[in-house]
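Colleague: Mind if I fire some questions at you about this one? I'd like to go through the backbone, the charges and a pocket.

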Amino acid sequence: MATGDGRSPAHPEECEVAVPTTVRRAELTLPAAPLGPPNPLPALRPVRGPHTLDEETRRGLPRDMARQIGYEPLHTVLPVRVLDGYGRDRTPTALDAIVLENERLRVTVLPGLGGRVHSLHHKPTGRELLHRNPVLQPAAFGLAGAWFSGGIEWNIGATGHTALACAPLHAAVVTAPDGGPMLRLWEWERLRDLPFQVDLWLPDGSDFLHVGVRVRNPHERPAALYWWSNTAVDEDEGTRILAPAEEAWHFGYTRSLRRVPVPVSASGQGSASGQGSASGPDGQQADRTYPLRTTHSADWFYEVPDGDRRWIAALDAGGHGLVQTSTDTLRGRKLFVWGSGRGGRRWQRWLTEPGTRGYAEIQAGLARTQLEHLRLEPETEISWLEAYGPLDADPALVHGHDWSAARAETAARLAAALPREAVDAAYRAWLPCADTEPGERLATGSGWGALEVLRAGHELPGTPFDLSALGPEQAPWRALLETGALPAAHDAAAPGPTLVAPHWRDMLETAPAEPLTEYHLGVAQWHAGDLAQAVRSWERGLRRASSRWPLLRCLAVADLTGGHPGRAADHYAAAFGELCAESRDGEGSDGGDGGDGDGGERTAAVAALGREAVEALLAAGRTADARAVWDRLPPSVRDRGRFRLLHVMVLVAEGRADEARAVLDAGIEVADLREGAAVLGELWAEITDDPLPEHYDFRMQGDG
């Protein structure tokens, strides 16, 4: 059981008192930018992440890899709502934390932020084994928007950072295999409709954090499966990443995937000698196992031979650092680097505060690459065990020219610190504990899992989704389940989130055809790929709806998808006009501010719809209408970086390049700039031939 119910000091990781193995609540204070409200518009638009391949590359891949890359790609992030309402103003914020501690390690976990392991502190040496971000700064890297860097994150769902990166998980204490306390985290992953759990414990006297992971498919249909555990580690000139591989699949954010030798290669090419540690810019031979010897952002997915132990390590110039290992089910290993170029350095500064060391990511996943999804059969589960801990190796061997010797030295030190047999034994000992019912509850996640258990009666020992977790978002869907009809719409800025799984879509199809039901049914049909039927549902709902703008916006997205920018512009203009009219009539506030403050639900709707409307109107060549929408946005919205950038786009379209340049010269920080986004550089080039300023250079490949 846990020891102590009270709150620990604000910085639990600074306490150096050795204690028996414990799991306790704590509080961690960090400068943090508030997440803001979720975007109320359903995420109908396709996912456009940086990890995409061209057809020529796909044809040249091994058959099993190509098949898994093509298996069930994610088209939208429905039913999840996008988090894009955050800014960049950080204030000291108290975050709920859970601390696991034995005499060797102290682990700080953030259950309200995806269960992120924020710190892994090795007490005998005083070393922090992870890249511990000193701030919480959301950025638009997650599948559902907000994400932050640092620590160890548990990525489930689809290619990219999990939609749960900034979401709360359920957390409780259970009994570990050795009889001590263990922290269990669990949730219902909604992109794939899969419950999962992450069990963390510290065996007495161990230098290694043990992590048992299980993903279950309780349905009668197969599900696409994705998992990568991502660990951020400090990087400097002496940092080297080691893995048991002589080849890797290199992805350079140019839609290509190439097999290259390790450690020495050009950017995606090179000989297979494996010797030497040449350095140089991309396109020349360089030792890519040193993160700062690559100029641009890149991934290396290591080809670990079948039968070899799975591990990856990050060691500094003195041979000290972190190692991660696992049972063989967690097959893949990867290195991600931002690179030493201007764009990579800019992203590193963007994600933290001045003076913070840069980082690389060492990762472990179920497939060879992150572009692949596996098939989890109906009513089955998959599980494995990971271990994280310190490693000390001979620096002369680790950093020598002989890659085989460097690997052998690292593997030998790992075998001495934590034998492979011990990891396998720990996994076997943990498996019976995976079904143990939780004891003391430490944190509460969402109510979506409880709704699914209520609907289908799933038996999920070890991960209870209690009805007490049901909240306002689940209430209308519980009513649909129990009465066959959605409750009547209430006066709100936007409809609530839509459930899109086949069983919920079936219920919507048989429910009374009220406008709100037609809206949700259309969203579910859109998610299923039945675009024409979705449009018909939205058009039926529009005929009788008292609040028309949500349906008009859905039709606008359908027009864009169908290649009708003029019709889309019409629908967007009408939707924005009706939302502003509703806001003015319902709240007595001009421009849609709604009197609910800058972070309110109505303002979030006005901001989200206004942004999409301006972009669509500009794309259709209707500059005056785009200006009219921008002018109607509340001042508090227009002052945000994203909307100042939107203003620059309007000014450029109006032919007012000098005024657009003045806005850029004054400085813009676009808080939700997406990974790989080139919009700032493109606008700059459209306005002027001057060199792109460093603070606008976010290029992940190309010049920089």
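What follows is a chat about a predicted model.

Colleague: Let's start with the backbone. Which peptide bond leading into the loop between α2 and β2 is cis?

Modeller: Most peptide bonds are trans. In the loop between α2 (63–69) and β2 (91–101) you'll find Pro-79. Omega is near 10 degrees there, so by the usual reading of that angle the bond is cis. The bond you want runs from Leu-78 to Pro-79.

Colleague: And where does the proline of the cis bond from Val-262 sit?

Modeller: That bond goes from Val-262 to Pro-263, and omega is again near 10 degrees. Pro-263 belongs to the loop between β17 (257–261) and β18 (264–265).

Colleague: Now phi. Is Asp-193, with its positive phi, buried or exposed?

Modeller: Most residues other than glycine have a negative phi. Asp-193 goes the other way, at about 60 degrees, in the loop between β10 (181–189) and β11 (194–201). Its relative accessibility is 9%, and the cut-off for buried is under 20%, so Asp-193 counts as buried.

Colleague: What about Glu-379, buried or exposed?

Modeller: Glu-379 has a positive phi too, near 55 degrees, without being a glycine. You'll find Glu-379 in the loop between β25 (374–376) and β26 (380–392). Its relative accessible area is 57% and the line for exposed is drawn at over 50%, so Glu-379 is exposed.

Colleague: On to charges. Why does Glu-372 have no salt bridge?

Modeller: Glu-372 is buried, in the loop between β24 (359–365) and β25. A salt bridge needs a side-chain nitrogen of Lys or Arg within 4 Å of a carboxyl oxygen. The nearest side chain of opposite charge is Arg-368, so the pair misses that cut-off, at 4.7 Å.

Colleague: Which side chain does Glu-372 make a polar contact with, then?

Modeller: Setting aside residues up to four places away in sequence, Glu-372 touches Met-65, Gln-68, Ile-69, Tyr-226 and Ala-367. The polar contact is with another residue, at 2.8 Å, side chain to side chain. The partner is Thr-369.

Colleague: Ala-367 caught my eye. Which residue in strand β23 is in contact with Ala-367?

Modeller: Strand β23 covers residues 332–337. Its Gly-332 is buried, with 1% relative accessibility. Leaving out neighbours within four places in sequence, the contacts of this glycine are Trp-228, Gln-363, Ala-364, Gly-365 and Ala-367. So by the 4.5 Å contact rule, the residue you're after is Gly-332.

Colleague: Back to Arg-368. Which residue does Arg-368 form a salt bridge with?

Modeller: The closest N and O atoms of this pair are 3.3 Å apart, and both partners are buried. One lies in the loop between β20 (298–302) and β21 (310–315), with Arg-368 in the loop between β24 and β25, so the bridge ties together parts that are 65 residues apart in sequence. The partner is Glu-303.

Colleague: What about Arg-627, which residue does it meet in a salt bridge?

Modeller: The N to O distance is 2.9 Å. Arg-627 lies in helix α15 (residues 623–632) and its partner in the loop between α17 (641–653) and α18 (657–666), so the two tie together parts that are 27 residues apart in sequence. Arg-627 is buried at 14%, while the partner is partly exposed at 27%. That partner is Glu-654.

Colleague: And which residues are joined with Arg-368 and Glu-303 into one network?

Modeller: Here salt bridges share partners, which links several side chains. Besides Glu-303 and Arg-368, the network takes in Asp-64, Glu-247 and Arg-259.

Colleague: How many salt bridges does the count come to?

Modeller: Another one in the tally is Glu-101 with Arg-106, at 3.2 Å from N to O, and both of those are buried. The count comes to 46.

Colleague: Last topic. Which helix gives the most to the lining of the second largest pocket?

Modeller: That pocket has a volume of about 810 Å³. Its lining has 30 residues, with Ala-489, His-490, Ala-494, Pro-495 and Leu-516 nearest the centre. α8 (475–483), α10 (515–527) and α12 (549–561) each supply at least two residues. With 5 residues, the one giving the most is α10.

Technical notes:
Residues numbered from 1 in each chain as written. Predicted model: local features only at pLDDT ≥ 70, side-chain atom pairs only at ≥ 80, totals over all residues. Heavy atoms only, no water. Helix = DSSP H or I, 4+ residues; strand = E, 2+ residues; numbered from the N terminus. Buried < 20%, exposed > 50% of the residue type's maximum accessible area, 1.4 Å probe, protein only. Lys, Arg positive; Asp, Glu negative; His and termini not counted. Polar contact = N/O pair within 3.5 Å; in protein donor to acceptor, adjacent residues only side chain to side chain. 1 Å grid on protein atoms, 1.4 Å probe; cavity = no way out; pocket = protein on both sides within 12 Å on 5 of 7 lines; lining within 4 Å. Points joined across faces, edges and corners; volume = space filled by probe spheres on them.
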